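Got the model loaded? Let's go through a small sheet and a ligand site together.

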Amino acid sequence: MKELRTQVAIVGAGPAGLLLGQLLARDGIDNIVLEHRSREYVERRVRAGVIEFGIANLIEEAGAGERMRRDGLVHHGVEFRFERNSYRVPLSDLADGRAITVYGQQEVVKDLVALRLESGGPLLFDTEVTTLDGLTSDAPSVEGDGPEGPVRVICDYVAGCDGSFGVANRALPASSARRYERTYPFSWLGILAEASPSTEELIYCRHQNGFALYSMRSPTLSRLYLGVAPDERLEDWSDGRIWDELNARLATDEMPEIGQGPIVERGITAMRSIVIAPMRHGRLFLAGDAAHIVPPTGAKGMNLALADVRLLARTLAAALRDHDDSLLATYSSTCLERVWRGEEFSNYMTQMLHPNPSDEFENGVQMARLRQAVNSREAATVLARNYVDLNSL
Ligand code: RFL
Ligand code: PHB
C-alpha cells in the first residue's frame with residue numbers, strides 16, 4: 001500500500017473540499033484531497049447556481065474569483081409569482097446594498113480545480129476513501145483505492161467533505177451523534193436548456209399544479225425546475241410535456257410564453273432536510289453536505305458548505321500553525337447555529353412555495369405567508385437578508 005503523510009486529509013472534491021484545500025494551502029498548511037470520481041465528472045455535475053454576497057467575497061479572497069466576477073450575473077432582486085401575478089422583492093434595497101451572484105456550482109468547482117493543479121497541490125481523483133482510522137488518536141488515517149492501487153494518508157486531522165452519502169458521517173458513533181431529518185412530499189425536475197433567459201431575475205412560482213423556478217447560467221443558458229411528485233419518473237417527461245408544464249405554471253399576461261431551446265441536461269432530485277450533530281468526532285471534522293442537507297428552494301446548500309469551510313480552515317490553521325486548540329472545541333456548535341438558520345429558511349421557502357395537494361388548511365396558511373412576504377416590507381426584509389447573505393450575517 002502506498003503511504004502518504006500530510007497535515008489535513010480532505011475527503012471529497014466538491015465545493016467544500018476544494019475550497020478548504022485552497023484556504024489551508026494559503027495558510028501554509030499541507031493537505032491532500034481525495035476524490036472518488038474523475039475530474040470530468042465533478043466538473044460536469046450541474047447543481048447550485050446562487051452564490052450569497054459574503055460567500056462570493058470568500059471565493060474571491062481565496063483567489064478563485066476571477067471568472068466568477070467576470071461571468072457571474074449579479075442580481076439585485078428576485079421575483080415571486082402566484083395567481084398569474086408577479087411581485088419583485090428588491091433584495092439589495094432591503095439588504096444594505098448586497099446582491100447575489102448567479103454562477104454555476106460546476107464553474108466554481110472548475111475554477112478551484114484549476115487553481116489547485118496550477119499550484120501543484122495534491123488532488124487524487126478516482127480515489128474512493130473506504131476507511132477512516134484512529135480518529136480519536138493523535139495520528140488518524142484515511143484509506144482508499146486509487147488508480148494505482150490502495151493508498152493510505154496519515155495526517156493530523158481529517159476533513160469529511162464527501163457529501164451526505166460519503167464515508168465521513170458514517171464514522172460518527174451512533175451513541176454520540178444525532179441525525180435530524182425531514183423528507184418532503186415532492187421532488188424537483190430540473191433542466192438546463194440552450195435558451196436565452198426570458199427573465200432578468202430569478203422567478204419562484206407557486207401554482208396549483210406545483211412549484212416552478214426560472215433560473216439561468218448565462219445569457220444563452222436557462223436553468224428551470226418543476227416541483228413534481230416524489231415518485232415521478234424522468235422517462236414520463238417528454239421535452240414537450242416539460243415546456244408545456246413550465247408555461248402553464250409560469251405564465252402571466254406580460255410573459256405568456258417562455259423562450260424554449262434544446263434541453264442539454266435533466267434530472268430529478270428528492271427534497272430532504274438533514275442535520276447531523278455534532279459535526280465532529282475526535283480529529284474528524286464534517287463540512288458541507290456531509291453534515292447537513294437542505295431542500296434547494298432557499299439556494300443555501302453550497303453557501304452553507306462554503307461557510308463551514310471558512311471556519312474550518314481558520315480552526316485547523318489555528319491548531320496546526322499557532323498551537324491554539326480553542327476553536328476545535330467550538331467548531332461544531334458555531335457551525336450548527338448558522339446551519340439551523342439555513343434549515344429554517346430553506347424549510348420556510350419550501351413550504352411557502354410548494355402547494356400541498358392533500359392539506360387545504362396548510363395551503364391557506366402558506367398563501368398568507370407568501371402574500372406577506374411580498375406585501376410587507378418587514379417580512380420582505382427578513383426574506384431578502386436571509387436570501388442574500390444568511391451565512392455571513
Ligand atoms: P458535494 O458537492 O456533494 O461533494 C462531495 C464530494 O465527495 C465525493 N465523495 C467521495 N470522495 C472520496 N471518497 C468517498 N468515499 C466519497 N464519497 C463522496 C463526491 O464524489 C463529491 O465530489 O458536497 P459539498 O462540497 O459539501 O457541496 C455541497 C453542494 O454540492 C450542495 O449543497 C449544493 O449543490 C446544493 N444545491 C444548491 N446550493 C446552493 O447553495 N444554491 C443553489 O442554488 C443550490 N441549488 C443544489 C441546488 C442541489 C441540487 N441537487 C442536485 C441536489 C439545486 C439542486 C437541483
Ligand atoms: C439554480 O440556479 O440552479 C437554482 C437557483 C435557485 C434555487 C435553486 C437552484 O433556489
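Here are a few questions and answers on this predicted model.

Q: In the open sheet of three strands, what is the strand order?
A: Start with the pairing, which is antiparallel. β4 (50-51) and β5 (73-75) stand at the edges, each with a single partner strand, so one side of each has no neighbour in the sheet. Reading across, the order is β4-β8-β5.

Q: Which residue in β8 does isoleucine 51 stand opposite?
A: β4 pairs with β8 (residues 100-102) in the antiparallel sense, over two bridges. Look across from isoleucine 51 into β8 and you land on threonine 101.

Q: Which strand gives the largest share of the shell around ligand 2?
A: The ligand 2 shell holds 14 residues, with Tyr204, Ser215, Arg217, Tyr225 and Pro296 the closest. By class, eight are nonpolar, three polar and three charged. Two strands, β16 (210-218) and β17 (221-228), each chip in at least two residues. The largest share, three residues, comes from β16.

Q: How much of the area that ligand 2 exposes when taken alone does the protein bury?
A: Polar contacts first: an oxygen atom of ligand 2 sits 2.6 Å from a side-chain N or O of tyrosine 225, and an oxygen atom of the ligand is 2.8 Å from a polar side-chain atom of arginine 217. The backbone joins in too, with a polar atom of threonine 297 at 3.4 Å from a ligand 2 oxygen. Taken alone, ligand 2 exposes 280 Å², and the share of that buried by the protein is 97%.

Note on methods. Residues are numbered from 1 along each chain as its sequence is written. Chains are lettered from A and ligands numbered from 1 in the order in which they are written. This is a predicted model: local features need pLDDT of at least 70, side-chain atom pairs count only at pLDDT 80 or more; totals for chains, interfaces and linings use all residues. Side-chain values use heavy atoms; hydrogens and water are left out. Two strands pair if DSSP finds at least two bridges between them. Helices (H or I, at least four residues) and strands (E, at least two) are DSSP runs, numbered from the N terminus. A residue is near a molecule or strand if one of its heavy atoms lies within 4 Å of it. A polar contact is a pair of N or O atoms within 3.5 Å; within protein, one must be able to donate a hydrogen and the other to accept it, and residues adjacent in sequence count only if both atoms are side-chain atoms. Accessible areas come from the Shrake-Rupley method with a 1.4 Å probe; for residues, only the protein chains shown count as cover. Ala, Val, Leu, Ile, Met, Phe, Trp, Tyr, Cys and Pro count as nonpolar, Asp, Glu, Lys and Arg as charged, and the others, Gly among them, as polar.
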